[in-house]
Number of protein chains: 2
Amino acid sequence: MSGPAVHLPGDTPVAFPDAKRAAVDAYLEQVDFDQSVPIDGLTEAMRYSLLAGGKRVRPVLALSTAHALGHDPAAVMPYAAALELIHTYSLIHDDLPAMDDDDLRRGKPTCHVAYGENVAILAGDALFAEALRLITSFQSGEPAHVIAAIDELLAATGAAGMVGGQFIDIADQVETAEELTQMHELKTGRLIRVSVKGAAVALGADTGTVENLGRFGAELGVLFQIIDDILDVTGSDADLGKPSGSDERHGKATYVSVFGLDRARELADESYRKVCGLLDSIEFRGDASDLRSVSAYIYGRDR
Amino acid sequence: MSGPAVHLPGDTPVAFPDAKRAAVDAYLEQVDFDQSVPIDGLTEAMRYSLLAGGKRVRPVLALSTAHALGHDPAAVMPYAAALELIHTYSLIHDDLPAMDDDDLRRGKPTCHVAYGENVAILAGDALFAEALRLITSFQSGEPAHVIAAIDELLAATGAAGMVGGQFIDIADQVETAEELTQMHELKTGRLIRVSVKGAAVALGADTGTVENLGRFGAELGVLFQIIDDILDVTGSDADLGKPSGSDERHGKATYVSVFGLDRARELADESYRKVCGLLDSIEFRGDASDLRSVSAYIYGRDR
């Protein structure tokens, strides 16, 4: 395919913005879920899943967006942390027996295996509320911008966003490539896109920049999911923190099942070229190198 | 007990603010859950539970609060409707097999019975997101006031609020009267309180008025729960829309199981006197008659 020439990383490890990741981890560690009432068993389950590790891709994207726009990344930390709480909530509910019925996540028993199904449902519910509460309580900036960012986040995670994507997934409505793309766009893509776009909105970036970042974030979501589907087939259990091949066992349509592994890899290459091209097309006032690093990391995960 | 003399309604039917209720129903009917993506089965489940009827006590309280503060009640309609979406989400999740495992709600099969457990979990999740999105998309007013109202709402519904109360309930931690009161304060009381307090915050009411309305709302939540527990024992299946005595079958601690029916009725009388006294102590610029009517309705439900 044609497109701007970009460096496609091979065996070279990609440098992830680990300082930003560490800052996210430190912030998440100190989030206080209000222990003035006797809910220790609930907050323990919330923290069990929230602090299970991971690259914190979504919050790091938000911080990196702030950096690229010339702001102190810390300016969007509450918003960034909220993304991880929401991601965690979605994983807990996706893993439930009535949903994907998964026992392992990030190498540990899933929340409902560790704490029971009822506590896991409530831990997910509470994480969603507490995520948004981080923003309403702590996100600085023009109130109108903060509301607009929450609105973007809710659209990305509601009925026509992440939850809707999960519904399409469980409803077994996915057969064609178009349906697969749409399901992933909702289930995974919208939260990744809003990690970038919502941070820009919270910071009051101009409409053109917000739209351009939205397009970049959307393509990055596509790339993320193609690589995820490839990894499910090619990754080891240890890499994945769960048994590989779980998509196939769940009978899920994936980029690999629909296109085959070779074509899925080509699609990943094409998507990464688009991601890089979209980033190149934006004039940043700040330093966009971490946005590039996260993009390269997402692309390079299957090497 | 001592306290201001108030009229305790006997057999006279209490006039509920039906015009406000009708306005809420009309608003809820036209809420658009974004059908641009193929999630009909999800939105159908959401609407099935949301539009199952009921008095719409929480939204009517919010509209009545605006009225009492001298505003057009319609000024808080998005916030009011959000309360009903959140209430519905909490009922759907409470009814799940892993939670209370209830088959009937408002005389109809519960959401998971009608649509499956997986769809019911997602319908609850989506209702919470869409509830808040009504506010971020449509609630007018000073942005800082709107954020503060959302913050109140999230505190009322998160880990140390409604979800925490449900956790305490399922964790079987309730034995003493104090624990019972706290569980109900979180599980039911906080959402009723924020129906009043949050509307005042959204409208930018002064701090003193907000605090006074918060105390009124908190006591109204207590009254609501005492009456609910009494009705579970004394009401007919048709009145309740579900089999009576379900608390006892679930082995739940209630005001009746902890205090006995007679003492629970006395507690309801005492609570209603406090509710009326708190209302009388607030100087309203507008018309507080509907706040009084809803209070009397809540108290009179067990007659």
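This dialogue discusses how two chains and two helices are arranged in a predicted model.

Student: How are chain B and chain A related to each other?

Tutor: In general, two copies of a chain are related by a rotation about an axis and a shift along it. Here, a turn of 180° and a shift of 0.0 Å along the axis lay chain B on chain A with an RMSD of 0.0 Å. The two copies are thus related as by a two-fold rotation axis.

Student: Which residue of chain B comes closest to the rotation axis?

Tutor: That residue is B:Pro143, whose C-alpha lies at 2.7 Å from the axis.

Student: How many residues does the contact take from each chain?

Tutor: Chain B and chain A contribute 50 residues each. On the side of chain B that touches chain A, the elements giving two or more residues are α2, α6, α7, α8 and α9 of chain B. Of these, α6(B) gives the most, with 14 residues. By class, this side of chain B has 31 nonpolar, 13 polar and six charged residues.

Student: Why do the copies meet through the same surface?

Tutor: They do so because 100% of the interface residues of chain B are also interface residues in chain A.

Student: Within chain B, how do the axes of helix α3 and helix α15 cross?

Tutor: The axes of α3 (residues 57–68) and α15 (residues 289–300) come within 8 Å and cross at roughly 150°. An angle over 145 degrees counts as roughly antiparallel, and α3(B) and α15(B) are therefore roughly antiparallel to each other. Among the residues making the contact are B:Leu61 of α3(B) and B:Val294 of α15(B). The contact residues divide into seven nonpolar, three polar and one charged.

Terms used
Residues are numbered from 1 along each chain as its sequence is written. Chains are lettered from A and ligands numbered from 1 in the order in which they are written. This is a predicted model: local features need pLDDT of at least 70, side-chain atom pairs count only at pLDDT 80 or more; totals for chains, interfaces and linings use all residues. Axes are lines fitted to C-alpha atoms, for helices over the stretch in contact, and angles run from 0 to 180 degrees between N-to-C directions. Helices (H or I, at least four residues) and strands (E, at least two) are DSSP runs, numbered from the N terminus. Angles under 35 degrees count as roughly parallel, over 145 as roughly antiparallel, 65 to 115 as roughly perpendicular and the rest as oblique. Two residues are in contact if their C-beta atoms, placed from the backbone, lie within 7 Å. Ala, Val, Leu, Ile, Met, Phe, Trp, Tyr, Cys and Pro count as nonpolar, Asp, Glu, Lys and Arg as charged, and the others, Gly among them, as polar. Copies are superposed by least squares on the C-alpha atoms of residues with pLDDT of at least 70 in both.
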